[in-house]
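The report that follows describes salt bridges and one buried position. Please look over the sequence and the structure before reading on.

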Amino acid sequence: MSRNRFVSILGGSAGNLVEWYDWYAYSVLTIYFAPSFFPKSDQTAQLLSAAAIFAVGFLMRPIGAYWMGVYGDTHGRKAGLALSVALMCAGSLLIAVAPTYAQAGVLAPALLVVARMLQGLSVGGEYGASATYLSEMATRRDRGFWASFQYFTLIGGQLVASGVTLLLVGVLSETAMEAWGWRIAFVIGAVLALAVYWLRSGLAETAAFEKLGARARSSALALWQAHPREFLIVVAISGGGSCAFYAYTTYLQKFLVNTSGFERQTATEISTATLIVFMLLQPLFGALSDRVGRKPMLLLFGIGGMLVSVPIFSALAAARTWETAFALALVPLVLLSAYTSISGLIKAEIFPAEIRTLGVALPYAIGNTIFGGTAEYAALWFKQAGLEAGFYWYVTAIIAVATIGFAALPDTGKNSRILED
């Protein structure tokens, strides 16, 4: 691979890590900054208010996917990447400097809403922009390997956000963290985003976009009219992959506490350890897809995920040791890696260049919002109803729908619509 390609892929990947660091920093620091923005009479009310604003950011993701997908197809992949990280920088900086409720009254939570909306637009557009850029910039021979760094850095951003929070908590007192310490994490995010904006502004444009010339601009209507089958397939596979991702990662920590009976600290350690392994698996599975093809990898996750979800969750519910829970949690994550490592790539490979960014971003955001964003809610609903095992079957069913989508896909490694330059 040429130095130019390597630097370009590094820029795209680094920006993705910073984007997800900023996104996850909000959730891990909520317990510290909630009192600054909401009346202090009730801690639960504070957390619920902060969580509601988190949800606003999540709802903005499909809007960001559409808007920035069209932008990336019209103005270039590089321009889309730069705009995405600029929005994240603005959102994080606004959170870092926002006045408290005591200083500005209702203006304080209002600014928090605006900041989270900016971050939601950014993250919504980042997936399509980075997946398209990394996929088009890599050569056919090693495209799976390089594209896998999208999820590698996504998980990395989540781990860095947790690490920075732990570092701040270890250095500062709890009083200092609640008063001003939490702002440091968002300042770090804004500074890193600014640095990545500078880096991305200097990236090379992909040859695929440069060859477009005066093609028609992309739009949701054009995407649906020309590629309805691909659109629905991407919604289905994104829904299954996202549901599994949130069930096996984000919800796992709560499951280990509420169902398995582990202490919170132990559950956090298990969850963090599995995420680290999961992150390191991405390039390995991405490289494997370059050797055996994309479709076998997808079917490995689809069929494997259907087979293991019920028994693994059932076994985790009865797990009582750190080692047992860690080993069990890794099983579905290893299978999921066969999908996540190439999830953005397979979507980019089925759409033509003139509508590729939107084709990757919009149906993904829809599937992610419907099935990924609601996975934890569904899990808790089943548990509250006394039918917790129903969630295990729910995950299995959603993965089954995704597997139908996998079966309907061509092997995009051999039939890619990404042309070599």
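Is glutamate 136 buried or exposed, going by its relative accessibility? At 7% relative accessibility, glutamate 136 counts as buried, where buried means under 20% relative accessible area, exposed over 50%, and partly exposed in between, with a 1.4 Å probe and protein chains only.

## Basis of the model

This is a predicted model, in which local features need pLDDT of at least 70 and side-chain atom pairs count only at pLDDT 80 or more, while totals for chains, interfaces and linings use all residues. Residues are numbered from 1 along each chain as its sequence is written, and side-chain values use heavy atoms, with hydrogens and water left out.

## A buried salt-bridge network

A salt bridge is taken here as a side-chain nitrogen of Lys or Arg within 4 Å of a carboxyl oxygen of Asp or Glu, and by this rule the count comes to 8 salt bridges. Among the residues involved, Asp73, Arg77, Glu136 and Arg356 are linked in a network.

Within this network, aspartate 73 and arginine 77 meet through their side chains at 2.9 Å, N to O; aspartate 73 is buried at a relative accessible area of 5%, and arginine 77 is buried too, at 2%. Arginine 77 also forms a salt bridge with glutamate 136, with the closest N and O atoms 2.9 Å apart. Because glutamate 136 lies in helix H5 (residues 107-137) and arginine 77 in helix H3 (residues 77-97), this pair ties together parts that are 59 residues apart in sequence. Helices here are DSSP runs (H or I, at least four residues), numbered from the N terminus.

## A salt bridge from helix H18

The side chains of glutamate 376 and lysine 254 form a salt bridge at 3.5 Å, N to O. Glutamate 376 lies in helix H18 and lysine 254 in helix H12 (residues 250-258), so the pair ties together parts that are 122 residues apart in sequence. Glutamate 376 is partly exposed, with a relative accessible area of 26%, and lysine 254 also counts as partly exposed, at 33% relative accessibility.

## Alanine 378 and its contacts

Helix H18, which spans residues 375-384, also holds alanine 378, a residue that is buried with a relative accessible area of 12%. When neighbours within four places in sequence are left aside, alanine 378 is in contact with Phe391 and Tyr394, contact meaning heavy atoms within 4.5 Å. The C-alpha atoms of alanine 378 and tyrosine 394 are separated by 8.6 Å, and these two residues are 16 residues apart along the chain.

Methods. Helix = DSSP H or I, 4+ residues; strand = E, 2+ residues; numbered from the N terminus.
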